[in-house]
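Me: I am new to this structure. Could you take me through some of its parts?

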Amino acid sequence: MARAAAVAAAAAAAAANSHTLLNCNGARSEDVKRSVCHCNGEKNGPRTVVASRQHRQEPFEQAPMYVAVMTYLGFGIVTLFGYFRDFLRAVGLEKCNSAEEREEQKDFVPLYQDFENFYNRNLYMRVRDNWNRPVCSLPGPVFDLMERVSDDYNWTFRLTGRTIHNAINMGSYNYLGFAENNEDFLRTVAENMRQYGVGVCSTRKEIGNLSIHEDLEKLVATFLGVESSMTFGMGFATNSMNIPALVGKGCLILSDELNHTSLILGARLSGATIRVYKHNNMHSLEKMLREAVCSGQPRTHRPWKKILIMVEGIYSMEGSVVRLPEIIALKKKYKAYLYVDEAHSIGAVGPTGRGVTELFGVNPVDVDVMMGTFTKSFGAAGGYIAGKKELVDYLRSHSHSAVYAAAMSPPVAEQILRAMKCIMGKDGTTEGIKRVRQLAENTRYFRARLKEMGFIIYGDDDSPVVPILLYMPGKVVAFAREMLERRIGVVVVGFPATPLSEARARFCLSASHTRAMLDQVLHHLNELGDSLVLKFSRRKYSSRPGLSDRPDFELDS
Amino acid sequence: MTLGDCWKQLNWFYYQYLLVTALYMLEPWERTVFNSLLVSVAGMAVYTGYVFMPQHIMAILHYFEVVQ
């Protein structure tokens, strides 16, 4: 009785699907997921769902022209000074602190003259105190950093011995708050470690296939609503080692412009032809599909053996969500296969945390290969690939990662098991669904407040990854340093990971952030936005106080 | 409107200038070099304007036949 009341109270806070309210008792997760999908399908039809999402998805806002000009001006000045310093180092007026060739090798092909090394020596080294900061606590909603200073402009660091306590953590991928050290929650993990130890000392194929791996795979398949799944020890390796097993020479890969390095590496390793289409642009993708089906392979014009469309659930640098229903329609029309990398979206989006398939009300059977990682929402490490039983059985014997990589460590597997059971409600509490709803609420509130303040933000309204555009290199560095002064840890990203003129600060929201923490961060962001002049947005937003607290009912309408 | 406020405002403008031109990332001696270059070029432009402006204005007025 009390539990039903708690469920009702938690659900009433953020208006959600009424069927989820009644069924969300924890026992029948399969029914919950199917009922959510069917509800979205019956009540509205997939087309209405698409229409409402399209209405909310805004294109990436462009900054005023003077911002781009000043960005390039800043980069130009620093590059000129880079050439000047390189000249001083070459002549001998200045000591070279980075790697250089030995005297005997000066006549060989130069090793350190390419642009990457130039950029590293002259731009990154100057400001690298903003990255690789040593963290000395668990990456929860607040964390501790070790204070370090540099005496020679960031070539070397030394730790002062002091710790910065309780800095608010806006950079960790801790979407559901499972990076915690609460004794009650971690009891099963500790017991598991007592039983199995920590190392597996073998690969899955040889003698490292533990019963806990089988349990985990069954649970992941149930969670996602597919036939079967396979888990791997490392998320990056899941992509890069399994794509070569799925496609090969004579196949075509259509990959989104902004795909992650692991997907690109896997695609290149496979030897298939890769064509890149514009980010989330269905016209570009359809044109390429049409051309591929009509013309076939480049010289022989034989039909492609396989066409694989590779997308991500949430793109980690933009926070934009893939247009899943449209891609599935295209895939069915042109008979291609779909590979969705749900690294950031599994557990973080969807009314019960099942990822982008639930967010759009799409049947998970339509996605041929569902891939995801356990690093982000589950507070563990590793990845999975899920889909039809034949696919997963094939991967068990043909994937490099399955055959050669060490199996997942048992305590890590147990952490994923307990996190997943918590989300599904199988552990008998409503903690999981509370966290999913809290994350959705935090995301909506944070994004709405930022837009009101006038920052340029990319991404869909539902994604917990919030990039704030900073553009100019000087401001990027000043932003990171000032936020650390105010005891907030942020991640700023610059050139190689983002386009040259679009440097940004990326905030990752968590279910364990309280409203007070978010308000504190927003207050400091407001101050910094004024003192560093970062509010470039030219949109008009009404600043009615009630607007940001309105519950989101657009998911169902 | 005190001198302190004026100084704070000037400091803020100098900070913005450092951020926009990315001089914020450079070492102090590099900032000095860049600032001296900028000041000398701007100074030369102002001086040239000061020396030649009267002649240019007379030429314009002569062209438009305002002055003979």
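Me: How are strands 10, 13 and 12 of chain A arranged in their sheet?
Reply: They form an open sheet of three strands in the order 10-13-12, with antiparallel pairing. Strands are DSSP runs of E, at least two residues, and helices are runs of H or I, at least four, numbered from the N terminus; two strands pair if DSSP finds at least two bridges between them. This is a predicted model, where local features need pLDDT of at least 70, side-chain atom pairs count only at pLDDT 80 or more, and totals for chains, interfaces and linings use all residues. Residues are numbered from 1 along each chain as its sequence is written, chains are lettered from A and ligands numbered from 1 in the order written, and side-chain values use heavy atoms, without hydrogens and water.

Me: Which strands stand at the edges?
Reply: Strand 10 (465-471) and strand 12 (491-493) of chain A do; each has a single partner strand, so one side of each lacks a neighbour in the sheet.

Me: How many bridges join strand 12 to strand 13 of chain A?
Reply: Three, and the two strands run antiparallel. A:Val493 has A:Arg504 in strand 13 as its bridge partner.

Me: Changing topic, what does UniProt list for residues 63-84 of chain A?
Reply: An unreviewed entry lists them as "transmembrane region"; feature names are shortened, positions follow the numbering used here, and annotations may be inferred rather than shown by experiment. In the model the span is 91% helix and 0% strand, with its end C-alpha atoms 31 Å apart.

Me: And where is that feature in chain B?
Reply: UniProt, again in an unreviewed entry, places it at residues 12-27. That span is 56% helix and 0% strand.
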